[in-house]
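Good morning, and thank you for joining this short presentation. Please have the sequence and the three-dimensional view in front of you as I speak.

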Amino acid sequence: MDYTTRLSEYPAAPGKAEIGKIVDDARSHAHGNYNKEVYKTCYSCIDLTSLNVTDSDRQITEFTEKTVSFNDRFPTVSNVASICVFPNFVETVGLAAGDSGIRITSVSGGFPSSQTFLEVKMLETAMAVESGADEVDIVINVGQMLEGKYNELANEIEILRREAGEETVFKVIIESGALSSPELIYKASLLAMFAGADFVKTSTGKIPVAATPEAAAAICTAIGRYCEKTGRRVGFKAAGGVKTPQDAALYYTLVERLLGPEWCTPELFRIGASSAANNILSAITGQEIKYY
């Protein structure tokens, strides 16, 4: 498919000044969302993440068991949207989660750099789903994006979408911190959606610049325009650097202002986080919580 031609069918990306106004507007309204109900929603939108070099079967099992037992201690708070792990730990999560209904997200596609053979990315994605992943987060080829090889980049996403299968929630990480402008972030978001993304995700969290409100504004603008043109709702996921309840509420507000309150659910809004979970729980309960 000629994805470059499809890009020309959309309005130009918002410039830095427009992005700045969008973020300023969100910041001015975010204070109204610094409350327990919004924090509870944000908590339910978390992909609770463990993507560390020190991960082990025992550590991931304990992590999962604690998540499964969450509502025993916090019965008034909806549990996280999913547990996110490396593909080799998907089965470990599944065994520990049992019939709890906890969803499993696996990173894939050569995460976090995406620098490997396409065949390896395909096999890794297929194996993650076969092992029990309900959702898959893949990374675009950032080098291709920076060189303007839009067709090659989107065709690869489309191939991995097919490997994941239509019933798997498919999230595409554009690594917004490595892209130099709102225009590239906006275009990468559109390309991801053209190729079948169910969510556009900011970052891997593995490079110095992760999620930013400015990147979120560019991505959500693209999502809104894509939905207006196609009728298909695509979700937004902020990942990397989301640590405080106020951080989460700001991204919630950006989504609410740009896309509407109907996007502010786990079906269309996610936060990739680990430390944020305890901090959001602390804000909900009014006392310091170190559950994870």
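I will begin with the protein as a whole, then turn to one strand and its neighbours, and finish with one helix.

Please bear in mind throughout that this is a predicted model. Its secondary structure amounts to 13 helices and eight strands. How does the radius of gyration stand against the globule rule? The value is 18 Å, close to the 19 Å that the rule gives for 292 residues, so the protein is as compact as a globular protein of that length. Along the principal axes, the C-alpha atoms occupy a box of roughly 50 × 45 × 35 Å.

Of the 292 residues, 53% are buried. The accessible surface is about 12,300 Å², and carbon and sulfur atoms account for 49% of that area. As for contacts, consider those between residues at least 6 apart in sequence: 78% of them join residues at least 24 apart.

Let us now turn to strand β2, residues 82-85. In a regular strand, side chains alternate between the two faces of the sheet. Are the faces of β2 covered or open? Both are covered: Ser 82 and Cys 84 are buried on one side, and Ile 83 and Val 85 are buried on the other.

Which strands pair with β2? Strand β1, residues 46-49, runs parallel to β2 and is joined to it by three bridges. In this pairing, Thr 49 stands opposite Cys 84. Strand β3, residues 104-108, also runs parallel to β2, again with three bridges. Here Ile 83 faces Ile 104 of β3. Between β2 and β3 the chain includes helix α6, residues 90-97, and these three elements form a right-handed β-α-β unit.

My last topic is helix α12, residues 245-258. At 1.5 Å a residue, its 14 residues should span 20 Å, and the end C-alpha atoms are indeed 20 Å apart, so expectation and model agree.

Which residues of α12 are buried? They are Pro 245, Ala 248, Ala 249, Leu 250, Tyr 251, Tyr 252, Thr 253, Leu 254 and Val 255. Their cover comes from several elements, including the helices α2 (16-30), α3 (36-44), α11 (213-230) and α13 (275-285). Strands β7 (235-239) and β8 (269-273) are also among the elements that cover them. Just after α12, Gly 260 adopts a positive phi of about 115°.

That concludes my presentation, and I thank you for your attention.

Technical notes: Residues are numbered from 1 along each chain as its sequence is written. This is a predicted model: local features need pLDDT of at least 70, side-chain atom pairs count only at pLDDT 80 or more; totals for chains, interfaces and linings use all residues. Side-chain values use heavy atoms; hydrogens and water are left out. Buried means under 20% relative accessible area, exposed over 50%, partly exposed in between (1.4 Å probe, protein chains only). Helices (H or I, at least four residues) and strands (E, at least two) are DSSP runs, numbered from the N terminus. Two strands pair if DSSP finds at least two bridges between them. A crossover is right-handed if, with the strands pointing away from the viewer, the path from the first strand over the helix to the second runs clockwise. The radius of gyration is taken over C-alpha atoms; the globule rule is 2.2 Å times the number of residues to the power 0.38. Contact means heavy atoms within 4.5 Å. Accessible areas come from the Shrake-Rupley method with a 1.4 Å probe; for residues, only the protein chains shown count as cover. The expected span of a helix is 1.5 Å times one less than its number of residues.
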